[in-house]
Amino acid sequence: KRHLISAADLSRDDAVLILDTAEEMARVADRPIKKLPTLRGRTVVNLFFEDSTRTRISFEAAAKRLSADVINFSAKGSSVSKGESLKDTALTLEAMGADAVVIRHGASGAPYRLANSGWIDGAVVNAGDGTHEHPTQALLDAFTMRRRLVGPDAGLGGDLAGRRITVVGDVLHSRVARSNVHLLTTLGAEVTLVAPPTLVPIGVEQWPCEVSYDLDAVLPKSDAVMMLRVQRERMNAAFFPTEREYARRYGLDGDRMARMPEHAIVMHPGPMNRGMEITAEVADSGRCTAVEQVANGVSIRMAVLYLLLGGAEPATP
Ligand code: CP
């Protein structure tokens, strides 16, 4: 495959190959020199039209650990603010010789447009488009779950069959939720979405998952509980209960966490609204994998760039 646009495009074998390659890449991070020469002479462009901390930095770290040259482009401060189009921006990057373009955009479908436009020859990686998808987030989440719930050795070549994953909160605006539902079900997990009725997408009954409105009933049956960020910037105020009401019904606090099985983990893609969807007590507890997810994101993004840009030999850390 030349591009990574949607988690829905990944077969089970594709997904397991990426997870297994990421396990190899994770070993590079444990070495004194955290670099492989695999992508020397290649150029990766980070094209970010929306803000990001984790995704942009981890793609940059991943490309650098594979010895690629990295160009960081942020729409803020660029000629996009003078009205330059996605097409002219893409043609400019093509003229500079981009082998891969990692794009985050507020419009759902922008990475698909870029990949199928003919404006650029390189691989396109979706780093989050509107409310549509964020496939590398889902991959790093699955990687974290496989390590925590299956085990690092048992995990190689394996999937998440039978694991019960609960995704909680602002599903309506969440590209993370969409990508996770696709990928987790492809990997054999059972997914339950929990959200206020106003934050459940229309057509959710077509999604391969259950929907519940009762978080307390679902928690004891969960192996992982993924809390979503409430995306106030994409939200009409009429859709949203008060912050206090949201936290009371859908927030994860210490009492609720105690209802989860002992082995179960709490996940959050970040950035977190502490005090809204998750309390500081839970976010800072040993059961919350938010920081581990960020570290795993570098390994996943190394694997994706390595597989898309066609490193000649498998990594031999
Ligand atoms: N999880 C995630 O995409 O975070 P950023 O918006 O900081 O990249």
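1. Serine 67 sits in the loop that runs between helix H2 (54–65) and strand S2 (69–74). Its phi is positive, about 70°, although serine 67 is not a glycine. The structure is a predicted model, and this backbone value should be read as belonging to that model.

2. A second backbone point concerns the loop between strand S9 (265–267) and helix H11 (280–283), where proline 271 is placed. The peptide bond joining glycine 270 and proline 271 is cis, with omega about -10°. Both residues of this bond, Gly270 and Pro271, are listed among the residues around the ligand.

3. On the domain division: the protein is split into domain 1 (7–133 + 294–309) and domain 2 (135–292). The C-alpha centres of domain 1 and domain 2 are 25 Å apart. To the contact, domain 1 gives 29 residues and domain 2 gives 26 residues. On the side of domain 1 that touches domain 2, the elements giving two or more residues are H1, strand S4 (123–129) and H12. That side of domain 1 comprises, by class, 13 nonpolar, nine polar and seven charged residues.

4. Where does the ligand lie with respect to domain 1 and domain 2? The ligand lies between them, because domain 1 (7–133 + 294–309) and domain 2 (135–292) both give residues to the shell around it. The surrounding residues are Ser52, Thr53, Arg54, Thr55, Gly128, Gln137, Pro269, Gly270 and Pro271. By class, this shell has six polar, two nonpolar and one charged residues.

5. Helix H1 (residues 12–29) packs with helix H12 (residues 290–309) at an angle of about 115°, and their axes are 8 Å apart. The crossing in which H1 passes H12 is right-handed. On the H1 side the contact involves Ile18, Thr21, Ala22, Met25, Ala26 and Ala29, which meet Val298, Ser299, Ile300, Met302, Ala303, Val304, Tyr306 and Leu307 in H12. Sorted by class, the residues of the contact of H1 with H12 are twelve nonpolar, two polar and no charged.

6. H1 also packs with H5: their axes come within 10 Å and cross at roughly 70°. H1 and H5 are therefore roughly perpendicular to each other. H1 passes H5 in a crossing that is right-handed. Ala15, Ile18, Leu19 and Ala22 of H1 make this contact with Leu139, Ala142, Phe143 and Arg146 of H5. The class count for the contact of H1 with H5 is seven nonpolar, no polar and one charged. Ile18 and Ala22 of H1 are listed in this contact and also in the contact of H1 with H12.

7. How are H5 and H7 oriented to each other? The axes of helix H5 (residues 135–150) and helix H7 (residues 175–186) cross at roughly 55° and come within 8 Å; H5 and H7 are therefore oblique to each other. Here too the crossing, in which H5 passes H7, is right-handed. Pro135, Gln137, Ala138, Leu139, Asp141 and Ala142 in H5 meet Val176, Ser179, Asn180, Leu183 and Leu184 in H7. The residues of the contact of H5 with H7 are seven nonpolar, three polar and one charged.

8. Some residues of H5 recur across these points. Leu139 and Ala142 are listed in the contact of H5 with H7 and in the contact of H1 with H5. Gln137 of H5 meets H7, and Gln137 is also one of the residues around the ligand.

Terms used: Residues numbered from 1 in each chain as written. Predicted model: local features only at pLDDT ≥ 70, side-chain atom pairs only at ≥ 80, totals over all residues. Axes fitted to C-alpha atoms, helices over the stretch in contact; angles between N-to-C directions. Helix = DSSP H or I, 4+ residues; strand = E, 2+ residues; numbered from the N terminus. Left-handed = near helix turned anticlockwise from the far one by under 90°. Contact = placed C-beta atoms within 7 Å. Nonpolar A, V, L, I, M, F, W, Y, C, P; charged D, E, K, R; others polar. Near = placed C-beta within 6 Å. Domains from an automatic or database assignment. Parallel < 35°, antiparallel > 145°, perpendicular 65-115°, else oblique.
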